[in-house]
Amino acid sequence: MAIAILTRGTEQKLKTTGNYMIILPARIYLTALAELWRITYHQADRKLVLVELPRQSLVIMGAPLTERAVVDLLKKWIKLKAQVFLKAYFQKLNKKVNSPYKKLNIIASNIEWGYCSPKGVISLNYKLIFLPRTLVRHLIIHELCHVRYLNHSRRFWHEVKKYDKSWKKNDTLLYEGNRYIPNWIIY
Ligand SMILES: [Zn+2]
């Protein structure tokens, strides 16, 4: 059976071919970095690999070119990009906040963007890389301020406000942040 590689936006074309269909993303927009990555696929008789080329281009080649295998590979790549970005941005913001946090973890969660433990361990969701920079900034400041105030008291918000004047608007927008995450990433 022939395998038709289908990228989002071209679903209709392949409905009629009768071939086995898989739906794979044609591009990834990393909003926080303002980077649009284009993806091309090549089926080959080798282990599936992802190759990063210049000018924001990704090539995925090998087998099996199944949705599951490709998404796993892309998620791994996105997590690495997120680690580098979030760790650096976190350090930069803490130069202002001066929070005595204990440790930073980058996590994968479908529930929270980030949290702070009572011991001052901050966890940030790698999916933050899909959000606008202003919201990532807000979330990191929020967690850094939790190290001193582990609640949502007036004193806590007063502290957040010192570093983010639009904290109220950003806090509301963060609740709708899921709309920036591509559907296939939940898979
Ligand atoms: Zn909070």
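Two strands count as paired if DSSP finds at least two bridges between them. Keep that in mind as you look at this predicted model, where cysteine 116 stands opposite isoleucine 122 in β9. Here's a quick tour of the sheet around those two residues, the helices that pack on it, and one buried isoleucine.

**The sheet**

- Let's start with the background: strands of a sheet pair through backbone hydrogen bonds, either parallel or antiparallel.
- In this model, 3 strands make up an open sheet, lined up in the order β7-β9-β8, and the pairing is mixed.
- At the edges you'll find β7 (103-107) and β8 (114-116), each of which pairs on one side only.
- Going from one strand to the next, the twist averages 15°.
- Zoom in on β8 and β9 (residues 121-125): the two run antiparallel and are joined by 3 bridges.

**Helices packed on the sheet**

- Helix α2 (residues 67-97) packs on the sheet and touches β7 and β9. The direction of α2 makes about 150° with that of β7.
- Helix α3 (residues 133-146) packs on the sheet too, touching β8 and β9. Its direction makes about 15° with that of β8.

**Where α3 meets α4**

- Next up is helix α4 (residues 154-163), whose axis comes within 9 Å of the axis of α3, with the two crossing at roughly 135°.
- That angle is neither under 35 degrees nor over 145, and it's outside 65 to 115 as well, so α3 and α4 are oblique to each other.
- If you're curious about handedness, α3 passes α4 in a right-handed crossing.
- On the α3 side, the contact involves Ile141, His142 and Cys145, which meet Phe156, Glu159, Val160 and Tyr163 in α4.
- Sort the residues of this contact by type and you get 5 nonpolar, 1 polar and 1 charged.

**Spotlight on isoleucine 129**

- You can find isoleucine 129 in the loop between β9 and α3.
- Is isoleucine 129 buried or exposed? It's buried, because 25 other C-beta atoms lie within 10 Å, and the cut-off for buried is 20 or more.
- Leaving aside residues up to four places away in sequence, isoleucine 129 touches Leu30, Ala32, Leu33, Ile78, Lys81, Ala82 and Phe85.
- How far apart in space are isoleucine 129 and leucine 86? From C-alpha to C-alpha it's 7.8 Å, even though 43 residues separate isoleucine 129 and leucine 86 in sequence.

Conventions
Residues are numbered from 1 along each chain as its sequence is written. This is a predicted model: local features need pLDDT of at least 70, side-chain atom pairs count only at pLDDT 80 or more; totals for chains, interfaces and linings use all residues. Helices (H or I, at least four residues) and strands (E, at least two) are DSSP runs, numbered from the N terminus. Axes are lines fitted to C-alpha atoms, for helices over the stretch in contact, and angles run from 0 to 180 degrees between N-to-C directions. Two residues are in contact if their C-beta atoms, placed from the backbone, lie within 7 Å. A residue is buried if 20 or more other C-beta atoms lie within 10 Å of its own, exposed if 12 or fewer, and partly exposed in between; C-beta atoms are placed from the backbone. A crossing is left-handed if the near helix is turned anticlockwise from the far one by less than a right angle, and right-handed if clockwise. Ala, Val, Leu, Ile, Met, Phe, Trp, Tyr, Cys and Pro count as nonpolar, Asp, Glu, Lys and Arg as charged, and the others, Gly among them, as polar.
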